[in-house]
Amino acid sequence: MSINGYATLEGTTRYRDRFTERAAENHFRLEQNLWLSSIGIGTYLGNHDEATDERYEESIMRAVELGINLIDTAANYRFQRSERSIGVALRHLTEERICERDELVICTKGGYLPFDNEPPTDVRRYVEETFVRPGIAQASDIVKGHCMTPRYLQSQIDQSLSNMNLECIDVYYLHNPESQLAVVSREEFESRLRAAFEQLESNIAEGRIRMYGAATWNGFRVSPTAREYLSLERIIAIARSVGGDEHGFRFIQLPFNLAMPEALVADNQTAEGEHVSLLEAAGALGVTVVASASLLQGKVAHNLPEHIREPLGSLATDAQTAIQFVRSTPGITTALTGMSSREHVEENLQLVRVARTLPEDFERLFGEN
């Protein structure tokens with residue numbers, strides 16, 4: 001039986017209130033009428049085996065116990081196994097009354113053609129038999145292993161709901177839609193984006209998803225002259241043309257960390273005729289920003305210099321310091337961190353008790369660099 005419900009203001013408030021004595025005042029942030037934890041658990045990395053499945057299940061459950069209520073995944077992470085691990089963890093969490101479904105914000109992504117449990121021996125044959133022959137996607141719809149046609153997205157939403165044993169997904173991201181710009185024209189890309197948004201709005205109306213957005217790697221970070229550049233203002237205009245002022249495009253996700261600060265420092269977006277950063281544009285357009293790659297797969301979690309560590313609070317570990325940078329950045333709501341072991345969860349979530357770095361210290365961090 002599927003788990004009923006979705007994240008609500010009442011539920012996420014209830015979750016937040018359980019941490020009144022255990023969390024810093026600004027660990028939970030009110031966005032899109034939900035209270036979201038300043039750290040979220042990601043499920044990207046790891047082997048496609050049962051041992052890793054079990055570690056993720058334990059890590060997700062422990063993270064929820066310690067103050068994380070935003071869980072992020074994608075259909076293609078670990079060949080659908082990450083979604084399935086989340087489904088197992090959610091069943092334990094709800095059945096054991098550790099939390100209720102309406103307290104958690106579950107996010108997933110669709111776009112890349114996912115394998116099933118393990119890589120196939122013949123990729124071409126797998127794609128033909130799984131997607132093309134059943135009519136889920138035509139070969140011409142697929143761009144470098146990526147597809148976002150309405151029929152394909154519907155198959156992926158239904159699959160993700162089944163994988164996670166849910167009736168409704170809180171946030172559904174188009175996964176790296178800018179990858180299509182390597183092949184199709186911008187006019188064709190916007191036509192495909194509009195069709196995708198129409199399908200996502202239909203799923204909101206039918207109760208399968210609550211909100212949607214775009215999870216990108218390069219699109220929001222590169223120069224406006226780059227082929228894969230995405231204008232957030234233009235994307236919102238397309239969403240508004242499909243769904244009106246109450247459209248469901250409410251979240252974006254992009255890498256942001258000590259080595260990739262473009263969302264904060266690059267004025268590559270526009271808002272009301274002004275050149276602004278991605279974070280400023282998102283604020284002006286009512287879009288919530290979730291940061292991926294907060295540790296850049298561990299590359300910014302070691303050997304940080306003192307002029308970085310000290311303004312961020314001289315925390316116990318460099319991993320905590322790197323996460324603190326992301327969760328303290330104005331305009332970032334949640335810093336996603338991949339955690340597939342209980343030990344990493346317990347180490348990183350010591351930050352739940354730590355306040356956001358003060359603006360003056362954050363500015364000093366940049367001034368001394």
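This section describes the aromatic contacts and the largest pocket of a predicted model.

A pair of aromatic rings is described by the distance of the centres and the angle of the planes. Across the whole structure, 13 aromatic pairs were found. In the pair formed by Phe19 and Phe28, the ring centres lie 6.1 Å apart and the planes meet at 50°. The pair is therefore classed as tilted, since this angle falls neither under 30 degrees, as for stacked rings, nor over 60, as for edge-to-face rings. Both Phe19 and Phe28 are buried. Ring pairs also join Phe79, Phe115, Tyr126, Phe131 and Tyr152 into a cluster.

Charged side chains were also found over aromatic rings. Phe19, whose ring pairs with that of Phe28, has Arg22 over its face, at 4.2 Å from the ring centre. A further contact of this kind involves Tyr6, where the charged end of Arg210 is placed over the ring at 3.8 Å from its centre.

Rolling a probe the size of a water molecule over the atoms shows where empty space is left. The largest pocket encloses about 840 Å³ of space. Its lining comprises 34 residues, of which Tyr44, Leu45, Ala293, Gln297 and Gly338 are the closest to the pocket centre. Two or more lining residues are contributed by each of two elements, strand 12 (334–338) and helix 12 (342–348). By residue class, the lining of the largest pocket consists of 17 polar, 14 nonpolar and 3 charged residues.

How values were computed: Residues are numbered from 1 along each chain as its sequence is written. This is a predicted model: local features need pLDDT of at least 70, side-chain atom pairs count only at pLDDT 80 or more; totals for chains, interfaces and linings use all residues. Side-chain values use heavy atoms; hydrogens and water are left out. Rings of Phe, Tyr and Trp (its six-membered ring) pair if their centres lie within 6.5 Å; planes under 30 degrees apart count as stacked, over 60 as edge-to-face and the rest as tilted. Buried means under 20% relative accessible area, exposed over 50%, partly exposed in between (1.4 Å probe, protein chains only). A charge sits over a ring if NZ of Lys or CZ of Arg is within 6 Å of the ring centre and within 35 degrees of the ring normal. On a 1 Å grid over the protein atoms alone, a cavity is a set of points where a 1.4 Å probe fits but cannot get out, and a pocket is an open set with protein on both sides within 12 Å along at least five of seven lines; lining residues have an atom within 4 Å of a point. Grid points are joined across faces, edges and corners, and a volume is the space filled by probe spheres set on the points. Helices (H or I, at least four residues) and strands (E, at least two) are DSSP runs, numbered from the N terminus. Ala, Val, Leu, Ile, Met, Phe, Trp, Tyr, Cys and Pro count as nonpolar, Asp, Glu, Lys and Arg as charged, and the others, Gly among them, as polar.
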